[in-house]
Every structure is written in C-alpha cells, then in structure tokens.
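Subject: Handing over the structure

Hi,

Here is the structure I promised to pass on to you. Have a look at it first, and then read on for my notes on what turned up in it.

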Amino acid sequence: MCLGIPGRVVRMLEGYGDQLALVDVEGEHRKVNIGMLPDETFTAGDWVIIHMGFVVEKTDAAGARAALQGLELMGRGRDVPEQHFGDLP
C-alpha cells in the first residue's frame with residue numbers, strides 16, 4: 001500500500017484520452033488521471049485512492065476510510081520523550 005488520499009468520483013471528464021475524472025476529496029473537487037488503471041471502469045460514486053494526481057487504486061468505502069485513518073494517524077505527534085531518540089544522529 002502506498003501513501004494515498006481517498007476520494008470519490010464525481011464524474012468522468014471529456015478529453016485527455018478519457019483518462020480524467022473529477023474527484024471529491026474532502027469537499028474539494030480535483031481533476032485526477034485514471035490512466036494507471038486501464039482495465040478499470042469508473043463511474044460517479046466510486047471510491048479511489050489518489051497519489052500525486054493519479055488514481056492508483058479503486059476501493060470501497062471501507063478502504064477509503066482506512067486510508068483516511070492512516071493519513072490522520074501519520075499527522076499526530078508521538079508522546080515519546082525527546083531523550084528516547086538520543087541515539088539518533
């Protein structure tokens with residue numbers, strides 16, 4: 001699994017070889033490229049995982065929720081005293 005942002009397809013966009021989708025990511029609409037998954041079909045409501053502007057995985061609501069929880073977990077600080085890392089350069 002790579003680091004990716006979950007989003008939900010709003011609609012497919014015309015042009016660019018039919019490789020663009022408009023995706024809702026936390027209320028913001030983004031144009032993303034679906035070309036890395038040529039064997040998949042995408043329709044409004046599909047959940048996807050996005051990395052650097054490309055859809056890297058088609059998922060379901062549970063997979064999207066897990067990806068978001070992983071991102072939220074990464075954003076939290078550790079409750080480990082600084083001295084614990086004393087042996088790091």
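Let me start with one pairing in the sheet: Pro-6 stands opposite Ile-49, a residue of β4. Please keep in mind throughout that this is a predicted model.

That pair belongs to a wider arrangement. Strand β1 covers residues 5-13 and strand β4 covers residues 47-51, and the two pair in the antiparallel sense over 4 bridges. Another bridge partner to look up here is Val-48 in β4, which is matched with Gly-7.

On the overall layout, the protein chain has 1 helix and 5 strands. Read from the N terminus, the order of the elements is β-β-β-β-β-α. Of the 89 residues in the chain, 25% are buried. The chain exposes about 6,600 Å², and carbon and sulfur atoms supply 52% of that area. As for contacts with a separation of 6 or more, residues 24 or more positions apart account for 31% of them.

Back to the strands, where β1 has a second partner. Strand β2 (residues 20-25) runs antiparallel to β1, and 5 bridges join the two. Within this pairing, Arg-8 has Asp-24 of β2 as its bridge partner. β1 and β2 also form a hairpin with 6 residues between the strands, and Gly-15 there takes a positive phi near 90°.

The other hairpin I would point you to is made by β4 and β5, with 2 residues between the strands. In its turn, Met-52 has a positive phi of about 55°. Strand β5 spans residues 54-59 and pairs with β4 in the antiparallel sense over 5 bridges. Ile-49 turns up again here, since its place in β4 is opposite Glu-57 in β5.

Now for a residue in a loop: is Gln-19 buried or exposed, or something in between? Gln-19 lies in the loop between β1 and β2. Its relative accessible area is 33%, so Gln-19 counts as partly exposed. Leaving aside neighbours within four places in sequence, Gln-19 is in contact with Val-32, Asn-33, Ile-34 and Gly-35. If you want a distance to check in your viewer, the C-alpha atoms of Gln-19 and Phe-54 are separated by 9.9 Å, with the two residues 35 apart along the chain.

Which residues make up the largest nonpolar core? There are 11 of them: Val-9, Ala-21, Val-23, Val-25, Val-32, Ile-34, Leu-37, Phe-42, Val-48, Ile-50 and Val-55. β2 and β4 each supply at least two residues of this core, and β2 gives the most, with 3 residues. In soluble globular proteins, nonpolar side chains tend to be buried together.

Two members of that core are worth opening up in your viewer. Ile-34, not counting residues up to four places away in sequence, touches Met-12, Asp-18, Gln-19, Leu-20, Ala-21, Phe-42 and Val-55. Phe-42, for its part, has the charged end of Lys-58 over its ring, 5.4 Å from the ring centre. And how many aromatic pairs does the structure hold? The count is 0.

That is what I have for you. Happy to talk any of it through whenever it suits you.

Best wishes

Notes:
Residues are numbered from 1 along each chain as its sequence is written. This is a predicted model: local features need pLDDT of at least 70, side-chain atom pairs count only at pLDDT 80 or more; totals for chains, interfaces and linings use all residues. Side-chain values use heavy atoms; hydrogens and water are left out. Two strands pair if DSSP finds at least two bridges between them. Rings of Phe, Tyr and Trp (its six-membered ring) pair if their centres lie within 6.5 Å; planes under 30 degrees apart count as stacked, over 60 as edge-to-face and the rest as tilted. A charge sits over a ring if NZ of Lys or CZ of Arg is within 6 Å of the ring centre and within 35 degrees of the ring normal. Buried means under 20% relative accessible area, exposed over 50%, partly exposed in between (1.4 Å probe, protein chains only). Contact means heavy atoms within 4.5 Å. A nonpolar core is a set of buried Ala, Val, Leu, Ile, Met, Phe, Trp, Tyr and Cys residues joined through side-chain atoms within 4.5 Å. Accessible areas come from the Shrake-Rupley method with a 1.4 Å probe; for residues, only the protein chains shown count as cover.
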